Amino acid sequence: TDKDYMLILEEGECSITIDGEEIPGIYGTMRPPAMVGELALLMDKDRAATVIAKTNVVAFRLDRASFKYFMTGPLVKAEDIKTEIRNIDHVIDQISGVKKRYGGDIIRQFKPSRRWLWGRWHGTILQQAWKAAATSMLVSTCFVAAIRFFCRPSWAPGQIPDPNFPIVSRLIPLAKLWHYLMSITTFILTFFLSQAYTLWRNMYDTTRKIQGRINDIGLLVASTVERDDQGKYTKRGEDLLDDIGNYTRLFHLFCWAKYSKKFQVLSTSRGMSRMLSRGIMSRTEYNTLTSLSSSNGGPHNACLTWILVKCLTAMKDNTLPNDHALRDLLFRKMCDLRGTFAGIGDQLDGRIPLAYAHFVQVLVDSFLLIAPFALYSELGIWSIPAVGLLTLFYAGLLDLAKILLDPLDNDEFYDAPVNFDIGVLIRESNAGSTRWKYSAEMLPFATNFES
């Protein structure tokens, strides 16, 4: 059966279909030296995708016994390889669109309907803060029960406590202190949340600027590349566009592999090897990236350099116009792109000082810790739900600020995904890497470009 062997492509091109849906773009296309069926042999399970030949294909076949022979050597830990490849493929599936966090949107969307919003749970702060609220209510319940049991108050459980009762009169000064603390906590916490959202919004704007600069480069190259008398791309012009598109895809992917912990696995030797086997990069690109020294700053820098050198080389051989205006514009766009993506690290490194975050945490925790005791003198048994609501909102605001301060989910503070889906950013840029090529492939007018 097809579960008992794998194929290694030597020639030709194949498409990938999952659950009857063809995967678009480069992640849905397999070219040499891509492998077909290797996961079924490695994991001992059915194949997860259907691979269909788009052209005549030449492939080498490797049976299960031979595959197991290579995977059971003394230096090979098959289980470690399985786990690592699962992690790598999970990331690649996010990039290709096989797995989507928010149905294809970059963040979880909402509807303005009050009823719809009240019906949400997953991905909300309620999901994060309810445990803290329940704990505070439990503490308040125990305190109220202890007063009823040991002090024998004269008022009914639902009534406001007598301010002249000994235990209540001792709690009144604490209540006044708590109200002063409430004003300070409210002001500082809301300001802290505002700063957190500013960082989150700036990070979002930065991700879009990176996409914009990549699209600018694609537009410039597609608009000025060499064409024939009919206005169609020449062979070397089309090859240039394909190379630039591929390098921009790799650059954007490795850019996020540098800054997002979930995507870091792609910049490892195993990650790049897996990308090679799935046809995402060529053998030449793989060999070049894996041979780079660790001091080069990362594969994203190498890919960015490839784009610029490729354009400059094309100007020398007149595949692109060899004029100063285009060269200067490309330099500006490339330098702007470099500065923009480098700014991501700057924003993450300086997101908030430790002393600031520590102070806000201690302030909020102190305010909520005193609440069950301070509110009893004013609300009695009703302090139990009041403490729960206060904890839900104040602890929830602090948790929300922490989430916004981690827009790439590197801290894994919150179990439910609430921040950017980086896979969407990469998929959009992948589509943009070929958008301008195909948009300008045919023109409704004659061209007379002179190189």
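This is a short talk on helix 12, the aromatic pairs, one buried aspartate, and the pocket and cavities of this structure. Keep in mind that the model is predicted.

Let's start with helix 12. It runs over residues 354–374, which is 21 residues. How far apart should its ends be? At 1.5 Å a residue, the expected span is 30 Å. The end C-alpha atoms are 30 Å apart, so the model agrees with that.

Now, which residues of helix 12 are buried? They are Val360, Leu363, Val364, Phe367, Leu368, Ala371, Pro372 and Ala374. Look at the spacing. In an α-helix there are 3.6 residues a turn, so residues three or four places apart point the same way. And what do the buried residues of helix 12 pack against? Four helices: helix 5 (125–150), helix 6 (166–224), helix 13 (376–379) and helix 14 (383–404).

On to the aromatics. The structure holds 13 aromatic pairs. I'll show two of them.

The first I'll show is tryptophan 178 with phenylalanine 367. This pair is stacked, with 4.9 Å centre to centre and 10 degrees between the planes. Tryptophan 178 sits in helix 6 and phenylalanine 367 in helix 12, 189 residues apart, so to speak a link between distant parts of the chain. Both residues are buried.

Next, tryptophan 200 with phenylalanine 420. Here the geometry is tilted: 5.2 Å centre to centre, 45 degrees between the planes. Tryptophan 200 is in helix 6. Phenylalanine 420 is in the loop between helix 14 and helix 15 (422–439), so this pair ties together parts 220 residues apart in sequence. Buried or exposed? Tryptophan 200 has 9% relative accessibility, and the cut-off for buried is under 20%, so tryptophan 200 counts as buried. Phenylalanine 420 is buried too, at 2%. Ring pairs also bring in Tyr197 and Tyr204, which join Trp200 and Phe420 in a cluster.

A quick stop at aspartate 89. This residue lies in helix 3 (residues 78–96). Its relative accessibility is 6%, so aspartate 89 counts as buried. What does aspartate 89 touch, beyond its neighbours within four places in sequence? Leu39, Arg274 and Arg278.

Now the open space. The largest pocket has a volume of about 1000 Å³. Its lining has 27 residues, and the closest to the centre are Phe110, Gly123, Thr124, Ile125 and Leu400. Helix 4 (114–118), helix 5, helix 6 and helix 14 each give two or more residues to that lining. Which element gives the most? Helix 14, with seven residues. By class, the pocket lining has 18 nonpolar, six polar and three charged residues.

Last, the closed space. How many cavities of 30 Å³ or more are there? Two.

The largest cavity has a volume of about 80 Å³. Helix 6, helix 7 (235–259) and helix 15 each supply at least two lining residues. Among the residues lining the largest cavity are Ile214, Leu241, Thr248, Trp436 and Lys437. The lining divides into six nonpolar, five polar and one charged.

The second largest cavity comes to about 30 Å³. Its lining is Lys402, Ile403, Asp406, Asp409, Phe413, Tyr414 and Asn419. That gives three nonpolar, one polar and three charged residues.

That's the tour. Over to the group.

Methods
Residues numbered from 1 in each chain as written. Predicted model: local features only at pLDDT ≥ 70, side-chain atom pairs only at ≥ 80, totals over all residues. Heavy atoms only, no water. Expected span 1.5 Å × (residues − 1). Buried < 20%, exposed > 50% of the residue type's maximum accessible area, 1.4 Å probe, protein only. Contact = heavy atoms within 4.5 Å. 1 Å grid on protein atoms, 1.4 Å probe; cavity = no way out; pocket = protein on both sides within 12 Å on 5 of 7 lines; lining within 4 Å. Points joined across faces, edges and corners; volume = space filled by probe spheres on them. Nonpolar A, V, L, I, M, F, W, Y, C, P; charged D, E, K, R; others polar. Phe/Tyr/Trp six-rings, centres within 6.5 Å; stacked < 30°, edge-to-face > 60°.
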